[in-house]
Structure formats: C-alpha cells, structure tokens
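Please examine the sequence and the model shown below. The paragraphs that follow lead through the ligand site, an internal cavity, a salt bridge and some backbone features.

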Amino acid sequence: MAAPQAQDFIKGWPHPDLISTPELREGLLESFKQGLEMTHETLNYGDKENGAYMLGHPKFRQGLAKFLEGQYDAPVDWKTLMSTGGGSMGTDLAFRVHGKAGDIVVCEEPTYFLAFTMARNQNMDLLGVPIEKDGMDLVALEKHLTGPQGSKIKFVYTVPVHHNPTGYTMSNEKRVKLVKLAQQYKFLIVADEAYQLLNFEPSGVKSFFYHDDAADPRVLAVGTFSKLIGPGVKVGWVHAHESLLKPLAGIGYIDSGNNLDESAPLP
Ligand SMILES: Cc1ncc(COP(=O)(O)O)c(C=O)c1O
C-alpha cells in the first residue's frame with residue numbers, strides 16, 4: 001500500500017496509482033473471464049439448484065466468505081452474506097426494509113453525510129450523539145433511548161472503524177455495550193464498516209457481526225470493495241444473521257431476480 005502521504009483523506013478517493021496497477025488489472029480480467037466461462041449462470045436470473053440469486057450469486061458469496069475469513073481470522077458462513085452495489089446500497093436496504101416513516105435513526109455527530117440522505121429518503125428522522133475517541137458516546141445515546149422520543153428509535157447508524165470524518169474507532173467494550181442496548185431497547189445497529197479492512201496497523205477490533213447474538217440478532221454489518229479495489233467496482237456486502245438478512249431481498253427491485261456480481265465471482 002502507498003505511504004499515508006499518498007492518500008486523499010479529505011474525499012476518501014483512492015490515489016490514481018492505487019487503481020492502475022498491473023496486478024489489479026490482471027485480477028479483474030481473470031475474475032471477468034471466470035464469469036464468462038459460466039454464462040449459463042452469470043447471465044441468467046439463477047439456476048435450478050439455487051433458484052434466483054436474490055442475495056447474490058452463491059459462488060460470489062462463498063468466495064467472499066473465504067476472503068472475509070482470512071481478513072477477520074474468524075469463520076464466515078456464506079449464508080450470512082448478501083452482495084450489494086457498494087456499502088451505500090447495504091445501508092439503504094437496511095433502512096428501507098427494516099425501517100418505516102417516522103422512525104428515528106441515531107448517528108454519531110458528525111457522520112458520513114449520505115447516511116442522512118438515506119434515512120431521509122425513507123422519511124425517517126435523525127438524532128445525533130457526540131463521538132469520543134473510543135467511539136459513540138453511549139451515555140448520550142441512552143439519554144435519547146429513555147427520552148420522550150425513545151420508543152421511535154429504530155436504528156443506530158455507526159461508522160465504527162476509522163469513523164468518517166473523525167477517524168476514531170469504537171472499542172470492543174463499547175460494541176458489546178451497544179449490542180446489549182439494542183436488545184434492551186429493541187433497535188437495530190447498522191455498522192457501516194467501509195474502513196474495517198483498511199488499516200496501516202491492526203485496528204484491534206472485531207467486525208460488529210461478531211459482537212451480535214444469534215439468539216436475538218441486532219446487527220447489519222455493511223462492507224464494501226470501494227475502498228479496497230476502487231469505487232468504480234461499486235460492489236459491497238451485508239453481513240447479518242439470516243432473520244435480518246433475508247428480508248433485504250423481499251423488495252421489488254431485488255425480488256425481480258438476480259443481484260449484483262453475477263459476472264464477477266471471486267476466485
Ligand atoms: C462511511 C462510508 N460509507 C460508505 C461509503 C461509500 O461506499 P460505497 O462506494 O461502497 O457505496 C463511504 C465513501 O466515502 C464512506 O465514507
């Protein structure tokens with residue numbers, strides 16, 4: 001990876017050198033070639049065994065699971081993954097499917113500006129909480145949860161690793177506490193992990209999925225290749241237990257069959 005000075009941290013755009021390497025070009029060509037060798041699946045809505053690929057091509061999801069297992073050093077069940085058009089689509093789908101007009105999204109203040117747009121697109125309202133060096137101020141969050149609007153809080157949206165724009169990372173302790181609060185007050189956590197795998201040094205924190213409780217799941221962890229390969233690929237994923245993941249496929253434009261990435265299974 002290029003030295004820190006070569007990064008544009010203001011806009012989050014990759015340095016042009018990072019997206020022009022021969023290795024990247026070769027990898028993309030190989031991936032596309034593999035997709036073309038199985039057009040009976042990649043150019044179709046699905047196949048007999050799997051039906052339509054609402055959550056993404058099974059081979060892509062399996063390849064992604066293997067990739068993430070290596071990165072997270074933890075098991076990843078491919079059935080807990082859905083492919084998306086970047087992290088943005090993952091967050092948008094989580095809000096769209098699990099929220100409704102009048103619900104409230106709590107987020108760190110400041111936060112990634114398009115999260116506002118995605119919440120407002122669903123006619124949801126926003127409440128902010130300050131961010132501290134070890135992540136979201138959970139005391140301030142609990143004040144909202146026990147306050148007059150508490151029952152309307154449906155989501156906490158967080159950028160838990162290298163938070164945009166402060167750069168702070170939420171500690172594992174706060175993650176555990178946030179999941180407990182989510183169970184107690186019945187809200188969902190949308191963890192926008194755009195920067196989870198982008199470290200100069202190990203961040204020391206586990207992806208939010210691993211703090212979730214399979215018996216009462218609350219977490220939708222959203223990832224993306226936009227910051228790993230380049231935003232032009234606009235391929236991402238949602239990692240969540242099936243009861244939260246499967247409903248994401250139940251809306252018109254996904255239910256029409258197929259999903260992103262049919263033509264680009266990972267090796
Ligand atoms: C926190 C955060 N989430 C999501 C995105 C966008 O990701 P994608 O291009 O995968 O939609 C960005 C891009 O800057 C970001 O900073």
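A cavity is a set of grid points where a 1.4 Å probe fits but cannot get out, and its lining residues have an atom within 4 Å of a point. The model to which this definition is applied here is a predicted one.

With that rule, the count comes to one cavity of 30 Å³ or more. The largest cavity has a volume of about 50 Å³. Its lining includes a run from Glu 193 through Ala 194, Tyr 195, Gln 196 and Leu 197 to Leu 198. The other lining residues are Tyr 72, Gly 223, Thr 224, Leu 228 and Trp 237. Sorted by class, this lining consists of seven nonpolar residues, three polar residues and one charged residue.

Two residues of the cavity lining, Tyr 195 and Thr 224, also appear among the residues closest to the ligand. The ligand is surrounded by 13 residues, and the closest are Gly 87, Ser 88, Asp 192, Tyr 195 and Thr 224. Which helix gives the most to the shell around the ligand? Helix H4, which covers residues 86-98, does so with three residues. The classes in this shell are four nonpolar, six polar and three charged residues.

Individual contacts add detail to this picture. The side chain of Asp 192 places a polar atom 2.7 Å from a nitrogen atom of the ligand. In the side chain of Thr 224, an N or O atom is 2.5 Å from an oxygen atom of the ligand. For Lys 234, the corresponding distance from a side-chain N or O atom to an oxygen atom of the ligand is 2.9 Å. On its own the ligand has 400 Å² of accessible area, of which the protein covers 92%.

Attention now turns to charged side chains. The structure holds nine salt bridges. One of them joins the side chains of Lys 174 and Asp 134, with an N to O distance of 2.8 Å. Lys 174 belongs to helix H7 (residues 172-185), whereas Asp 134 is in the loop between strand E5 (125-132) and strand E6 (135-136). The two residues are 40 residues apart, and the pair thus links distant parts of the chain.

The backbone deserves a final look. Most residues other than glycine have a negative phi, and most peptide bonds are trans. Where does this model depart from that pattern? A cis peptide bond joins Glu 109 and Pro 110, with omega about 5°. Pro 110 is found in the loop between strand E4 (104-109) and helix H5 (113-121). Another cis peptide bond, with omega about 15°, joins Asn 164 and Pro 165. Pro 165 is in the loop between strand E7 (153-158) and H7. Asn 123 is not a glycine, yet its phi is positive, at about 55°. Asn 123 lies in the loop between H5 and E5.

Methods. Residues are numbered from 1 along each chain as its sequence is written. This is a predicted model: local features need pLDDT of at least 70, side-chain atom pairs count only at pLDDT 80 or more; totals for chains, interfaces and linings use all residues. Side-chain values use heavy atoms; hydrogens and water are left out. A residue is near a molecule or strand if one of its heavy atoms lies within 4 Å of it. A polar contact is a pair of N or O atoms within 3.5 Å; within protein, one must be able to donate a hydrogen and the other to accept it, and residues adjacent in sequence count only if both atoms are side-chain atoms. Accessible areas come from the Shrake-Rupley method with a 1.4 Å probe; for residues, only the protein chains shown count as cover. Helices (H or I, at least four residues) and strands (E, at least two) are DSSP runs, numbered from the N terminus. Ala, Val, Leu, Ile, Met, Phe, Trp, Tyr, Cys and Pro count as nonpolar, Asp, Glu, Lys and Arg as charged, and the others, Gly among them, as polar. On a 1 Å grid over the protein atoms alone, a cavity is a set of points where a 1.4 Å probe fits but cannot get out, and a pocket is an open set with protein on both sides within 12 Å along at least five of seven lines; lining residues have an atom within 4 Å of a point. Grid points are joined across faces, edges and corners, and a volume is the space filled by probe spheres set on the points. A salt bridge is a side-chain nitrogen of Lys or Arg within 4 Å of a carboxyl oxygen of Asp or Glu.
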